[in-house]
Amino acid sequence: MTTLSTDVSSLFAQYDIFGAFAMTLRLTGMALIGSLAIGTVLAVMRISPIPSLQLGGAIYVNVVRNTPLTLILVACSLGLYTQLGIVLADSSSSTFIVDNNIRLAVLGLSVYHASFVCEALRSGVNTVPTGQAEAARSIGLSFGQSLRLVILPQAFRGAIAPLGNVVIALTKNTTVAATIGVAEASYVMKEMIEFRPDVIFLVFGIFAVGFVLIVLPVGVFMTWLSRRVAVTR
Amino acid sequence: MNVNPLFDAPGPRTKRAFRVANVVALLLLLGGLAWVVLVLERRGQLTAAKWEPFLTSDVWSDYLLPGIGGTLGAAAWSVVFAGIFGVVFGLGRLSQSRVLRGVSGAIVEFFRAVPVLLMMVFVYQLLIVYRLVPSDRLALTAVVTALTLYNGSVVAELVRSGVLSLPKGQREAGLSVGMTHGQTLRSVLLPQGITAMLPALVSQLVVVVKDSALGYLISYAELLRQAEYVATNFSNYIPAVMVIAAIFITINFALSAVADRLARRLRSRTSGRLAPQAPGLVTSTK
């Protein structure tokens, strides 16, 4: 037991494990904002009554959903940056490469998860029966009123559970940013295992438990929230 | 008429407004597309030299076809093992023994929470440290193991929610003709549960195919890795990425279409109304 605790403390002393998870959380937060923004626009496009917007949204979602995230991130790094020379950070800054990689990763993660956010929001709208809109109209509410008072509140509540799944998937998917050299959890774990193969199980255990500790509470909270605000029908 | 609770059926004036908006939106979308093409053109990405390699049989036989083989091979092995893993632990979670339920639940929840990439890297290094498989099988074994553990857990959840979505009478009927709990589970509930879940299981294949691209990180010779070799040889990254994206999208689109078809055909095959939903399945990539 003493060797285990010395191993653990030496690993934590030698490697910035908390820093790695901080990067994971940072990527999650930034990509969540990005994907919510793009995803909301897409959802509005897909549920709008205008056919060409619907088509554009549908094409985006179907193309992105069927493309591997790894491919998207590699395309961001090698395609956008190396080939097309598109930079997302100040190229004269001393931390340019790190900053640029992080932002490319956030871009790729946002673009990818936006399609799932869009579908989550759309499924929320789909949980609202058409009768609700008809009832709203029949008691004389205007279009804006029925949207604001009757339909959207129900749609948002219906979207919470699927959005929770997107958040969890996004958290886990930030590990793919290791592909383009962002020092988040999986990247640091890979390094640690390469240098300390003697404690390989311990290293994996630390990172696996780290993810369980992040992901499970999010899942429990979102499930609780979606039940709490659920519209009983 | 699409059933959209958000909008009224449009009147003549709204219809006219929609038509205008439609044209404007279409122009915007086309404008965006034209801008992308223009940027690619200006950066010299649309020259014939960059695209020609994909018309030669050598590039396909040396790189892309082996890459497709690697991707589909890893996916196929993972699907078989994940199916076995999923049925075993799905039944475990439905067992009458509290211990078995607890253990199966813990295993399933653990492998669903840990990112696939983390497991892949761990298994890869583990195989290297302990020399468990021949070196030419290292990457494949790691990819298949990681995909099996994650997707097996997802299948276990699908099996469980498929069985739980069945009407109560199915189980009662099994018990009343003298079957044990285990027999009822295996010969009455499981077949129906799996049938109910078949569309979701097929859509999970899309996730497996996409996730096999994570093998890129441990140098498994899948499509993305092979495309990178092409790109290095001919310095045509953008065309290479576009070509393999098209291949991935085609494969996965076909799988989704099969899932949709199945869903429609199977709607009448199980007893009672089924709207099976397992948490967090199709949205996740890992």
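Two rings of Phe, Tyr or Trp are taken as an aromatic pair if their centres lie within 6.5 Å. In this predicted model, F85(B), F89(B), F110(B) and F111(B) make up one aromatic cluster by that criterion. Within the cluster, F110(B) pairs with F111(B) in an edge-to-face fashion, with 5.2 Å from centre to centre and 75° between the planes. The two partners fall on either side of the burial cut-off, which is 20% relative accessible area: F110(B) is partly exposed at 26%, while F111(B) is buried at 16%.

Over all chains, the count of aromatic pairs comes to twelve. One of them involves F201(A) and F122(B), whose ring centres sit 5.6 Å apart; their planes meet at 75°, over the 60 degrees needed, so this pair is edge-to-face as well. F201(A) belongs to helix α9 of chain A (residues 200–228) and F122(B) to helix α5 of chain B (residues 116–130), so here the pair joins two chains. As for exposure, F201(A) is partly exposed, with 48% relative accessibility, whereas F122(B) is buried at 8%.

Helix α9(A) also has a packing partner in its own chain. Helix α7 of chain A (residues 143–173) runs against α9(A) with the axes 9 Å apart and an angle of about 170°. Since angles over 145 degrees count as roughly antiparallel, that is the label for α7(A) and α9(A). On the α7(A) side, the residues that meet α9(A) include I160(A), L163(A), G164(A), V167(A) and I168(A). Among those they meet in α9(A) are F211(A), I214(A), V215(A), V218(A) and G219(A).

Another place where the chains touch is around T70(A), a residue of helix α4 (residues 69–83) of chain A. T70(A) is buried, with just 2% relative accessibility. Neighbours within four places in sequence aside, T70(A) contacts V176(A) and T179(A) from chain A, along with A213(B), L214(B), Y216(B), L217(B) and L224(B) from chain B. Y216(B) turns up again in a charge–ring arrangement: R225(B) lies over the face of Y216(B), 4.3 Å from the ring centre.

As for annotation, an unreviewed UniProt entry places "domain: ABC transmembrane type-1" on residues 68–259 of chain B. In the model, that span is 83% helix and 0% strand, and its end C-alpha atoms are 21 Å apart.

Key:
Residues numbered from 1 in each chain as written. Chains lettered and ligands numbered in written order. Predicted model: local features only at pLDDT ≥ 70, side-chain atom pairs only at ≥ 80, totals over all residues. Heavy atoms only, no water. Phe/Tyr/Trp six-rings, centres within 6.5 Å; stacked < 30°, edge-to-face > 60°. Helix = DSSP H or I, 4+ residues; strand = E, 2+ residues; numbered from the N terminus. Buried < 20%, exposed > 50% of the residue type's maximum accessible area, 1.4 Å probe, protein only. Lys NZ or Arg CZ within 6 Å of the ring centre and 35° of its normal. UniProt positions renumbered as here; feature names shortened; annotations may be inferred. Axes fitted to C-alpha atoms, helices over the stretch in contact; angles between N-to-C directions. Parallel < 35°, antiparallel > 145°, perpendicular 65-115°, else oblique. Contact = heavy atoms within 4.5 Å.
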